[in-house]
Amino acid sequence: QVHLVESGGGLVQAGGSLRLSCAASGSFFSISTMGWYRQAPGKQRELVAGITRDSTTNYADFVKGRFTISRDNAKNTVYLHMETLKPEDTAFYYCNALVKLTLMSAFRTSWGQGTQVSVSS
């Protein structure tokens, strides 16, 4: 079983910055791609950024140049550094990871509980 725990959300003024962290814990064999998604009220969950184990990254167009995703494989942790935040970035941010529980098991998607990011104008 794997647990993903996000931290670092909060309230910030437009133009400000925040850094989210997501740490994986529990019993598992390995973690592949990790990522961040967000969901605003009344909207579908959407991909914000993803990062492979060898740190290849991809970003949604709406965060390119403002957000940076990174990871520390030794700590099983993924980060999302958010700069120049806008009110439209307000959402619940969820951590996502592809996890292999044992050597012989397939990779499965795990989700964290999420952390709220609110950006005031």
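**Stop 1: Leucine 103**

Select leucine 103, in the loop between strand S9 (91–100) and strand S10 (107–111). Strands are DSSP runs of E with at least two residues, and helices are runs of H or I with at least four; both are numbered from the N terminus. This is a predicted model, in which local features need pLDDT of at least 70 and side-chain atom pairs count only at pLDDT 80 or more, while totals for chains, interfaces and linings use all residues. Residues are numbered from 1 along each chain as its sequence is written, and side-chain values use heavy atoms, with hydrogens and water left out.

Is leucine 103 buried or exposed? Leucine 103 is exposed, because its relative accessible area is 56%. The cut-offs are these: buried is under 20% relative accessible area, exposed is over 50%, and partly exposed lies in between (1.4 Å probe, protein chains only).

Now add Phe29 and Met104 to Leu103. Together Phe29, Leu103 and Met104 make a nonpolar surface patch of about 390 Å². Patch residues have over 30% relative accessible area and no salt bridge; nonpolar side chains (Val, Leu, Ile, Met, Phe, Trp, Tyr) are joined within 5 Å, like charges within 9 Å. Areas come from the Shrake-Rupley method with a 1.4 Å probe, and for residues only the protein chains shown count as cover.

**Stop 2: The whole chain**

Zoom out. The protein has zero helices and eleven strands. Show the C-alpha atoms: they fill a box of roughly 50 × 25 × 25 Å along the principal axes. The radius of gyration is 14 Å, which agrees with the value near 14 Å for a compact globule of 121 residues. That radius is taken over C-alpha atoms, and the globule rule is 2.2 Å times the number of residues to the power 0.38.

Switch on the surface. The protein exposes about 6500 Å², and carbon and sulfur atoms supply 50% of it. Of the 121 residues, 40% count as buried.

**Stop 3: The nonpolar core**

Go inside. The largest nonpolar core has 30 residues. Such a core is a set of buried Ala, Val, Leu, Ile, Met, Phe, Trp, Tyr and Cys residues joined through side-chain atoms within 4.5 Å. Select Trp36, Val48, Phe67, Val78, Leu80, Met82 and Tyr93, which touch the most other members. Elements that give two or more residues to this core include strand S1 (2–7), strand S4 (30–39) and strand S5 (46–51). Which strand gives the largest share? S9 does, with five residues.

Pick leucine 80. Leaving aside neighbours within four places in sequence, leucine 80 is in contact with ten residues you can light up in turn: Leu18, Arg19, Leu20, Trp36, Val48, Ala49, Phe67, Thr68, Ile69 and Tyr93. Contact means heavy atoms within 4.5 Å.

**Stop 4: Serine 17**

Next, select serine 17, in the loop between strand S2 (10–13) and strand S3 (18–26). Serine 17 is partly exposed, at 42% relative accessible area. Now add glutamate 83. Serine 17 and glutamate 83 are 66 residues apart in sequence, yet 4.3 Å apart in space, C-alpha to C-alpha. Beyond neighbours within four places in sequence, the contacts of serine 17 are Val12, Met82, Glu83 and Leu85.

**Stop 5: The salt bridges**

How many salt bridges does the protein have? The count comes to four. A salt bridge is a side-chain nitrogen of Lys or Arg within 4 Å of a carboxyl oxygen of Asp or Glu.

Select arginine 38 and aspartate 89. Their side chains meet in a salt bridge (2.9 Å, N to O). Arginine 38 lies in strand S4 and aspartate 89 in the loop between S8 and S9, so the pair ties together parts 51 residues apart in sequence. Both arginine 38 and aspartate 89 are buried.

Add arginine 66. Its side chain meets that of aspartate 89 in a salt bridge (2.7 Å, N to O). Arginine 66 lies in the loop between strand S6 (57–59) and S7, so this pair ties together parts 23 residues apart in sequence. Arginine 66 counts as buried, at 9% relative accessibility. Add Glu46 too: salt bridges that share partners join Arg38, Glu46, Arg66 and Asp89 into one network.

Now move to aspartate 61 and lysine 64. Their side chains also meet in a salt bridge (3.1 Å, N to O). Aspartate 61 and lysine 64 are both exposed.

**Last stop: Asparagine 96**

Finish at asparagine 96, in strand S9. Asparagine 96 counts as buried, at 9% relative accessibility. Not counting residues up to four places away in sequence, asparagine 96 touches Leu4, Thr33, Met34, Gly35, Tyr37, Thr109, Ser110 and Trp111.
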